[in-house]
Amino acid sequence: MRLILLGAPGSGKGTVATALHQQYGVVHISTGDIFRANIKANTPLGLEAKSFIEKGELVPDSVTISMLEDRLADPDCAESFMLDGFPRTIAQAEELDRFLDKNSKKIDAVISLCVSDAIIVKRISERRICVACGAGFSLTFRPSLVEGVCDECGGEIIQREDDKPETVLNRLKTYYEKTQPLVDYYEKRGLVLPVDNEGGLGPAMEDIRAGLSERGIL
Ligand code: AMP
């Protein structure tokens with residue numbers, strides 16, 4: 001299956017993607033994770049992306065689209081993948097369409113995660129990440145067993161620079177201006193599966209399972 005996860009920053013795309021990967025084995029592609037790995041490794045791509053990410057702005061399409069297309073060309077994406085954080089603009093969505101057409105592939109469903117702004121701001125302020133392995137934590141919902149130490153690899157847990165309050169508002173503004181119009185873009189093709197993600201991962205995953213089976217995707 002080929003899926004897109006749409007939703008504001010903090011709407012739970014990464015958590016849902018991890019669960020979908022564990023339950024159905026779908027390859028998880030997060031453009032944010034790819035950028036963070038490149039920043040950590042000091043690659044030219046990381047250096048180019050860093051200043052945009054730190055300001056809560058989108059990395060330019062010219063950089064992001066080719067990076068994503070390179071990843072989609074990897075053999076593990078031949079049959080199934082889910083995109084987390086891509087597309088984020090109409091131009092990216094159009095380019096993705098062209099790329100998939102050229103490869104005789106199509107998106108099966110777009111999971112649109114719905115969460116109110118108040119909950120988003122609270123979740124982001126409590127979100128923490130392991131610098132070493134990228135595992136996600138939450139001060140309320142998934143605190144690490146030892147404060148500041150990753151349960152998975154023992155790495156250091158920090159707050160992402162772009163999760164700090166001064167950047168979050170800019171990221172939300174960018175989301176509403178540039179990314180939310182994609183819900184309409186995919187709605188017109190009947191691809192959108194809206195999922196309420198305020199009630200916890202269990203109910204959201206059940207809605208996703210039901211929605212995907214109704215459409216014959218699972
Ligand atoms: P995320 O981990 O998805 O919240 O992404 C973190 C940051 O990476 C975003 O705020 C953007 O600066 C950048 N980013 C991730 N995906 C994209 C994309 N598809 N287009 C442009 N910038 C992106």
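**The ligand shell, sheet and surface of a predicted model**

User: How do the residues of the shell around the ligand divide into nonpolar, polar and charged?

Analyst: Residues are numbered from 1 along each chain as its sequence is written, and side-chain values use heavy atoms, without hydrogens or water. The model is predicted: local features need pLDDT of at least 70 and side-chain atom pairs count only at pLDDT 80 or more, whereas totals for chains, interfaces and linings use all residues. Ala, Val, Leu, Ile, Met, Phe, Trp, Tyr, Cys and Pro count as nonpolar, Asp, Glu, Lys and Arg as charged, and the others, Gly among them, as polar. The shell therefore divides into five nonpolar, five polar and six charged residues.

User: Which helix gives the most residues to the shell around the ligand?

Analyst: A residue is near the ligand if one of its heavy atoms lies within 4 Å of it, and 16 residues surround the ligand. Helices are DSSP runs (H or I, at least four residues), numbered from the N terminus. With four residues, the one that gives the most is helix α2 (residues 31–40).

User: What distance separates a nitrogen atom of the ligand from the side chain of Arg88?

Analyst: Arg88 is among the residues closest to the ligand, as are Glu57 and Gly85. A backbone N or O atom of Gly85 lies 2.8 Å from a nitrogen atom of the ligand, and a polar backbone atom of Glu57 is 2.6 Å from a ligand oxygen. For an N or O atom in the side chain of Arg88, the distance to a ligand nitrogen is 2.9 Å.

User: Which strands stand at the edges of the open sheet?

Analyst: Strands are DSSP runs (E, at least two residues), and two strands pair if DSSP finds at least two bridges between them. The three strands have the order β6-β5-β7, with antiparallel pairing. One side of each edge strand is left without a neighbour in the sheet, because each has a single partner; these strands are β6 and β7.

User: Which residue in β7 is the bridge partner of Ile129?

Analyst: Strand β5 (residues 127–130) runs antiparallel to β7, and two bridges join them. In β7, the partner of Ile129 is Ile158.

User: Which residue forms a salt bridge with Asp33?

Analyst: A salt bridge is a side-chain nitrogen of Lys or Arg within 4 Å of a carboxyl oxygen of Asp or Glu, and the structure holds 16 of them. Asp33 and its partner are three residues apart in helix α2, so about one helical turn separates them. At 2.8 Å, N to O, the side chain that meets Asp33 belongs to Arg36.

Note on methods:
Polar contact = N/O pair within 3.5 Å; in protein donor to acceptor, adjacent residues only side chain to side chain.
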